[in-house]
Amino acid sequence: MSSTGNSGREADRTAILMISSEPLLLMEAEKDLRDRLIPQGERDLNYMMLYGWEAKFGGVMEFLQTLPFLGNRRLLVIREIHTFEEWKHLVGYLKDPNPASLLLMTSSELKRSNAQFKTLSSHAEVTELKRPYGKTLTKWVGDRFRKLGKSIDPQLSEVLIQIAGEDLGILATEIEKVVLSSGEGDMITQEDLSVSVPGGVEIVFNLLDALGDHNGSKAISSLRALLMGDSPPEYLVHMMAWHYRQLLRGKELVKSGLSPAQAAVRMGKKYSGLKEKFARQVGVNSENDMIRALEALAECDRELKRGQIPSGVLLDRLVLELLV
């Protein structure tokens, strides 16, 4: 992920064009830049934020060309610059800018191939904030918990990503909910995640572990409890598919020469209980079992979308098939 630079360079910059497909990254980078550049007591006089669709060129120029009042710099932010109809008029200013003002232009839709991007980027420093994926996203979740004074195991970070999805805005909200409900402990636990999990995180893990261990009675009772708790069927299928994909990846690591315990560690299961459980389930399930399970889950997902069979019947049938 790119950054907006350090405070030493900020004194020399007059225009930044910042793009990202993730509005949350843009908003947070903007706030970080504002907090570093304009002290709280100067913001009424030396800071302005506008959306492109409401900005007027005359007002923009008036702000940028005015010298700072009781401060060193002025900051004007134009969000979603692609919606600013008079953007071409900015080029003249950008060729001869006021060195005391910094213009930050952001966009969640502007692409590098766009003519507007090519024109503005030739007169402004460009920053592209790329959304995190995979392990980088897991680290992003962990870092966000740390900023809020909590620690979380990477395995639980992955679970939260599966629960909330990969939309950063939703993930950020769920992280705050979990932290607020977690009490005074430093470490986030499975139970703490329950605030984000329909039916309760412990019962979800009970279901996943029962399936991995081929424990029929525990799997059926866990499924019943989750359905009685109004857990969405699509969510349960999603979590089961995630669990089998994890096991399949562990099996592939074993085939490459690692032991089940080593594969568990490689998959991020560092605590002894999680490591032993994952290693055991990798050992008792064949590769064909996992592939067949994922095929059954995909078929159940299709049937749920068709809506012709009651969801409870579909999930009962699915769990029985996964236990065979």
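The following legends describe close-up views of a predicted model.

Local features are reported at pLDDT of at least 70 and side-chain atom pairs at pLDDT 80 or more, whereas totals for chains, interfaces and linings use all residues. Residues are numbered from 1 along each chain as its sequence is written, and side-chain values use heavy atoms, with hydrogens and water left out.

**View 1. The open sheet and its strand order.**
Five strands, in the order 2-3-4-1-5, form an open sheet with parallel pairing. Strands (E, at least two residues) and helices (H or I, at least four residues) are DSSP runs, numbered from the N terminus. Two strands are taken to pair if DSSP finds at least two bridges between them. Strand 2 (47-51) and strand 5 each have a single partner strand and stand at the edges, so one side of each is left without a neighbour in the sheet. On average, neighbouring strands of this sheet are turned by 15° against each other, direction ignored. For such angles, axes are lines fitted to C-alpha atoms, for helices over the stretch in contact, and angles run from 0 to 180 degrees between N-to-C directions.

**View 2. Strand 1 and its two partners.**
Strand 1 (residues 15-19) pairs with strand 4 (residues 101-107) in the parallel sense over 5 bridges. Within this pairing, Ile16 has Leu104 of strand 4 as its bridge partner. Strand 1 also runs parallel to strand 5 (residues 125-128), to which 4 bridges join it. There, the bridge partner of Met18 is Thr127 of strand 5. In strand 1, 5 of 5 residues are buried; buried means under 20% relative accessible area, exposed over 50% and partly exposed in between (1.4 Å probe, protein chains only). In a regular strand the side chains alternate between the two faces of the sheet. Here Ala15, Leu17 and Ile19 point one way, while Ile16 and Met18 point the other way, and all are buried.

**View 3. Strand 3 and the helix across the sheet.**
Strand 3 (residues 74-79) is paired with strand 4 in the parallel sense, over 5 bridges. One residue of this pairing is Arg74, whose bridge partner in strand 4 is Ser101. Helix 4 (residues 57-65) lies across strand 2, strand 3 and strand 4, and runs at about 155° to strand 3.

**View 4. Surroundings of Asn98.**
Asn98 is placed in the loop between helix 5 (90-95) and strand 4. With a relative accessible area of 8%, Asn98 is buried. A polar atom of its side chain lies 2.8 Å from the backbone oxygen of Leu64. Apart from neighbours within four places in sequence, Asn98 is in contact (heavy atoms within 4.5 Å) with Thr14, Leu64, Gln65, Thr66, Leu67 and Tyr93.

**View 5. Two loop residues with positive phi.**
Most residues other than glycine have a negative phi. Leu70, in the loop between helix 4 and strand 3, has a phi near 55°. Leu70 is exposed, at a relative accessible area of 65%. His214 has a phi near 60° and lies in the loop between helix 10 (201-212) and helix 11 (216-228). The relative accessible area of His214 is 32%, and this residue therefore counts as partly exposed.

**View 6. A salt bridge between helix 2 and strand 3.**
The whole structure contains 22 salt bridges, a salt bridge being a side-chain nitrogen of Lys or Arg within 4 Å of a carboxyl oxygen of Asp or Glu. In one of them, the side chains of Glu30 and Arg79 meet at 2.9 Å, N to O. This pair links distant parts of the chain, with Glu30 in helix 2 (residues 23-37) and Arg79 in strand 3, 49 residues apart. Glu30 and Arg79 are both buried.

**View 7. Salt bridges of Lys139 and of Asp35.**
Lys139 and Asp143 form a salt bridge between their side chains (2.8 Å, N to O). These residues are 4 apart in helix 7 (residues 134-147), which means that about one helical turn separates Lys139 and Asp143. Lys139 is exposed, at 52% relative accessibility, and Asp143 is partly exposed, at 24%. Elsewhere, salt bridges that share partners join Lys31, Arg34, Asp35 and Arg43 into one network. Asp35 and Arg43 have their closest N and O atoms 3.0 Å apart. Asp35 is partly exposed at 33% relative accessibility, whereas Arg43 is buried with a relative accessible area of 13%.

Definitions and conventions
Polar contact = N/O pair within 3.5 Å; in protein donor to acceptor, adjacent residues only side chain to side chain.
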